[in-house]
Structure formats: structure tokens, C-alpha cells
Amino acid sequence: MHIAIDIRNLARARSGIARAIENACLALVDDNHRLSLFCSGKLHPDFSALKELSNATIYESDCVTPVQRVVWGSRDLPKYVTTIQPDVFWAPAHRLSSRLAHNVPCALTVHDSVWRQAPGTMRLHRLAAEYALSARAIAAAHVVMTVSRNSAAELKKLQPRSRNKTLIVPNITHRTAAGPTSETILEGPDDLPSDYCLFVGTLEPRKNLGRLIDAFMAVPPNIRGSLSLVIAGGDGWKSKSVKDRIARHSEYVKWVGRVSEAELSQLYSKCRFVVMPSLYEGFGYPAIEAEARGKLVVISKDTSLDEVSSSTAIKVDPLETASITGGLVAALSAKPSPRDVEIRTESASRFGSETVLPLLIGAFDMAIERFHEGKSTKSL
């Protein structure tokens, strides 16, 4: 199958959605599909491995501003894709031109509805773009994919007309996500603590880091012992208060910044457990990647994290600092068992390419079928 994909998210450093796109591209090429990848800017070095794929062609543009990217997506991208006539076009991140959907079978992925569920956690220009463009993209798509049951339920409530064309297709985890490493990568004068719990994500409001740090410091010292909190992720927005907390508690809280995939693998492998008390998530890569290594996770209840994590996960109320503290205490008190490790790794395996890729291809097939059905109906 010849699949064209909008990879505009790969013009920036690796994020959750960008990782999902990269992982899917690698899995599709492994499955012998031909890819045409369209990027609104220059491909970020984080994704340079895609340039080595023999069965993928990358088309780069030079957009810099949000306005340029919108124009590229609505005017230039439809022209480029229509010219090459792929079997299907995939828009993996909420954006799709109705002009393009008129000419080519189109599948759209909607990762979350954060713009409606938690608008205060988004930058203003991104919030405005979601309000202006998401509904149009959903209406234009021949098939809409969501990455979890939670996201699907939210989408159907917000866009009832999407109900009959919505499928649940989870993100694909990285092929080496479970591979431990014995390398010592994060070294130097500020080396990793010997005993730590781990948070992975950008410093931004939706990740709830302020409450997490307060909750961590509220764990009684006799229970916390030598445990530190390590935060891995790039600087986001509205992060000043979080960085102030990190500086205030620097003896116990360490921010290592953005890390490579190899460094992230080391962080997972050496941590005591992973904590992810997000206010909102559409999916939740860190929880899955931690459990792929058999690690215990502390997660927000009543979110998609419930869905992607195993039955061994400790669930907390992300709006209550005391609840997060209780979850940390429970994690510190938990006694590891071989059966718990087995449950976690089995749960994480649900998101490997062997399981998810057939669902993705099935969604593409459905988009192709619906596109041609529509053309046939109009010709009558």
C-alpha cells in the first residue's frame, strides 16, 4: 500500500504525538508499505532515522510560523498529495483539509479533546487552532481514529456525527521500548541519584508537576528515605512555578531536561517506579513504557491512563495533593513480585506493532472503501 502521511509534528523535537507518528512509520515500512512523508518544515534531528528508510520518501518545506503551517496544510499539502495519488492519506494529528479529502481517501487520528476538556492547559494559539480546525478535519475524514476508549467517548460526545466512522487504534510503542540498557549515559557532576522515582513529560500545566512535587515533599522523611524525584522532559510553558519548586527542593528533586531515547531507556531501567499524575492525557506513553520493563506506575484515575495501564497501577486523584502523596507512599511500600511484573509486561505488549498495525491498516482499508463508496454515490 502507498501511504502518504502528514508528519508536520516531526519538524520539532520529539513529543508524545511525534513519537506515535515515528513509531507508526517504522512499523509500516517494516510491513513493506511505501510511504510518502510530508513535513511543513525541515525534519528535526530527533527523527533523522526516517531518512535512512529505503521505502520512504520525505518531502520537506520551510514553514516557520503557525500561520505558514496552516497555509501549508490547507493549500500546499493537498496539492502535493493529490499529485502523487497515494492509496490513502493519513493525518495523524488532528489536521485535515476537506480539499484533500475530496480527492484522496483520508484517515484522521484524534489523540485527545484537551482543547475542550482542559483548555486552560493549552497555549492560546494552539487552542484557537483546535477550535477552528478540528471539527472541520473530523467532518472531512473518511475514517477517524482515536487512541483510547476514553478519547473515543469524548469525541463522540463532542462530534456526534463522527460516531459511525470512528475506530479505536492505539499508538504503537517503540520497538525497543522494553530493552534495558547497562550503559551509563547520564553521567557527570550532577549524576543520577541511586534511588529515584521518575516522571517523564514536558514541563507544562497539563502534566500537574506542581502538585506532584508538593506531594513528593509531603511524603514523611522516614518513609521517603533516600528516594529522589527525577523529572525528564523539555521546558514547556507556564513552567516558572514548577522550576521554582525544583530549585527550592533541589536536594530531592532533579530535572534532567530533554533526554535521548537511549537516556530515557536508562532512566526507566534504573528507577524505582514511574509517577504520572496528569490532569489530562489522550494516551500515556510513559506508563506503557515503564510497564514494558515491569515497573510499577502511579497514575491519575478516571483518565486514559487507567485504560493503558495494568491492574497493578496505583491510581490517584490528580486534583488532590494528599491523594498523590498517598499513591507515592503506597508505591514505596509495595513489595515487587514476579507475577506483578508479568502482568505489567503483558499489559504493555498490547501496544506493540504486531497488535496495533493490523488495526491501523484496517482503518486505512476502511477509508479507501468509504471514499470510493462516496464517489459511486455521487455519480448516480
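**Close-up views of a predicted model**

**View 1. Isoleucine 3 and its partner in S4.** Isoleucine 3 stands opposite valine 88 in S4. The model is predicted. S1 and S4 run parallel, joined by 3 bridges. Strand S4 covers residues 88-91.

**View 2. Isoleucine 3 and its partner in S2.** Opposite isoleucine 3 in S2 stands leucine 35. The pairing of S1 with strand S2 (residues 34-39) is parallel and spans 5 bridges. Between S1 and S2 the chain passes through helix H1 (residues 16-30). This β-α-β crossover is right-handed.

**View 3. The two faces of S1.** Strand S1 takes in residues 2-6, and 5 of its 5 residues are buried. One side carries His2, Ala4 and Asp6. The other side carries Ile3 and Ile5. Both faces are covered.

**View 4. Cysteine 63 without a disulfide.** The whole structure holds 0 disulfides. For cysteine 63, the closest cysteine sulfur belongs to cysteine 39. The two sulfurs are 9.0 Å apart, so they are too far from each other for a bond. A disulfide needs the sulfur atoms within 2.5 Å. Cysteine 63 is buried, at 17% relative accessibility.

**View 5. Cysteine 271 without a disulfide.** The search of the whole structure gives 0 disulfides, and cysteine 271 is in none. Its nearest cysteine sulfur is that of cysteine 197, 8.2 Å away. Is cysteine 271 buried or exposed? Cysteine 271 counts as buried because its relative accessibility is 3%, and the cut-off for buried is under 20%.

**View 6. Glutamine 85, a positive phi after helix H2.** Glutamine 85 is not a glycine, yet its phi is positive, at about 50°. Where does glutamine 85 sit? The residue is in the loop between helix H2 (66-84) and strand S4 (88-91). Its relative accessibility is 45%, so glutamine 85 counts as partly exposed.

**View 7. Aspartate 302, a positive phi before helix H12.** Aspartate 302 is another residue other than glycine with a positive phi, here near 60°. The loop that holds aspartate 302 runs between strand S12 (296-300) and helix H12 (304-308). With a relative accessible area of 64%, aspartate 302 is exposed.

Technical notes
Residues are numbered from 1 along each chain as its sequence is written. This is a predicted model: local features need pLDDT of at least 70, side-chain atom pairs count only at pLDDT 80 or more; totals for chains, interfaces and linings use all residues. Side-chain values use heavy atoms; hydrogens and water are left out. Helices (H or I, at least four residues) and strands (E, at least two) are DSSP runs, numbered from the N terminus. Buried means under 20% relative accessible area, exposed over 50%, partly exposed in between (1.4 Å probe, protein chains only). Two strands pair if DSSP finds at least two bridges between them. A crossover is right-handed if, with the strands pointing away from the viewer, the path from the first strand over the helix to the second runs clockwise.
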